[in-house]
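Visitor: Could you take me through one part of this model closely, beginning with a single backbone position and then following its surroundings outward? I would like the reasoning behind each assignment where there is some to give.

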Amino acid sequence: MSRKVLMVIAPDQFRDEELSVPRSAFQAQGWQVDVASTRTGEAKGMLGAVEKVEKDLNTVLNNVYDAVVVVGGMGSPEYLWNDAKLHGILQALHQQKKVIAAICLSGAALAKAGLLNGKQATVWEAPESLQALKEGGAQYTGQPVTVDGNIVTANGPEAAQAFAEAVIERVNALIPA
C-alpha cells in the first residue's frame with residue numbers, strides 16, 4: 001500500500017531544503033508526494049529553487065493523504081500562518097488521526113490552526129513564531145525535532161533529514177503496512 005503525503009509550501013520564499021530533503025526521503029520510501037500552495041504556478045524558494053505547483057489548497061482532498069507537511073521559510077508567516085483553507089486541511093487530517101508535520105516557521109501555522117494546545121512543539125526561534133506557539137497553547141521544547149502523538153515539528157533546515165525520518169516513523173506507526 002503506497003502512502004500519500006501532501007507538502008504545503010508558500011508561493012514565495014519557501015525554504016528549499018525543507019521541501020527537497022523530506023520529499024526525497026518520502027519518495028525513497030515509495031510514497032507519492034503532492035506539493036500544494038495557496039496558488040498554482042511557479043513557487044520560488046529562498047535559495048533559488050523553483051517548484052511547479054499544480055495544486056492549490058482549494059483543490060486538496062483531505063481524505064486521500066496519510067500526512068501533511070507544512071514547509072517553512074520566510075514566506076510562511078505571510079502566506080501560510082493565517083490561511084483558513086490550510087487550517088481546515090490540517091484540522092480535518094488531524095481529526096482523521098493522520099500525521100501533521102511542520103518545519104521551521106511553519107510550526108506557527110499548526111498553532112494558529114488550533115492543533116498544538118497542550119502539545120510539545122518546536123519552531124524556528126523568532127519572536128513572532130514563539131508568540132504564536134504560546135498563544136496556541138504549545139509547550140515549546142527548543143529541540144531540533146519534537147514528536148507529540150501524531151504531530152511532528154522541527155526547527156529549521158538543519159533538522160530536515162531528522163524531521164523527515166520522524167514523519168516516516170509516525171506514518172508507519174499509525175498506518176501499518
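Guide: In this predicted model, Cys 104 sits in the loop that runs between strand 8 and helix 4 (107-112). The phi angle of Cys 104 is near 65°, a positive value in a residue other than glycine, and because its relative accessible area is 6%, Cys 104 counts as buried. On the other side of strand 8, the loop between helix 3 (84-95) and that strand holds Lys 97, which likewise is not a glycine and has a positive phi of about 65°. Lys 97, however, has a relative accessible area of 62%, over the 50% cut-off, and is therefore exposed.

Strand 8 (99-103) leads on to helix 6, since it is among the elements that cover the buried residues of that helix, together with helix 1 (16-28), strand 7 (67-70), strand 11 (145-148) and strand 12 (151-154). The buried residues in helix 6 are Ala 160, Phe 163, Ala 164, Ala 166, Val 167, Ile 168 and Val 171. The length of helix 6 can be checked as well: at 1.5 Å a residue, its 15 residues (160-174) should span 21 Å, and because its end C-alpha atoms are 21 Å apart, the two values agree.

Helix 1, another element of that cover, contains Arg 23, whose partner Glu 51 lies in strand 5 (residues 50-53). Their side chains form a salt bridge with an N to O distance of 2.8 Å, and this pair links distant parts of the chain, 28 residues apart. Both Glu 51 and Arg 23 are buried. The structure holds four salt bridges, including one in which the side chains of Glu 17 and Arg 15 meet at 2.9 Å, N to O. Another joins Lys 44 to Glu 42, with the closest N and O atoms 3.8 Å apart; here Lys 44, at 41% relative accessibility, counts as partly exposed, whereas Glu 42, at 55%, counts as exposed.

Turning to the aromatic rings, the structure holds one aromatic pair. Phe 26 and Trp 31 make up that pair, with 5.6 Å from centre to centre and 20° between the planes, and because planes under 30 degrees apart count as stacked, the arrangement is a stacked one. Phe 26 and Trp 31 are both buried. A further ring, that of Tyr 65, has Lys 4 lying over its face, at 5.3 Å from the ring centre.

Terms used
Residues are numbered from 1 along each chain as its sequence is written. This is a predicted model: local features need pLDDT of at least 70, side-chain atom pairs count only at pLDDT 80 or more; totals for chains, interfaces and linings use all residues. Side-chain values use heavy atoms; hydrogens and water are left out. Helices (H or I, at least four residues) and strands (E, at least two) are DSSP runs, numbered from the N terminus. The expected span of a helix is 1.5 Å times one less than its number of residues. Buried means under 20% relative accessible area, exposed over 50%, partly exposed in between (1.4 Å probe, protein chains only). Contact means heavy atoms within 4.5 Å. Rings of Phe, Tyr and Trp (its six-membered ring) pair if their centres lie within 6.5 Å; planes under 30 degrees apart count as stacked, over 60 as edge-to-face and the rest as tilted. A charge sits over a ring if NZ of Lys or CZ of Arg is within 6 Å of the ring centre and within 35 degrees of the ring normal.
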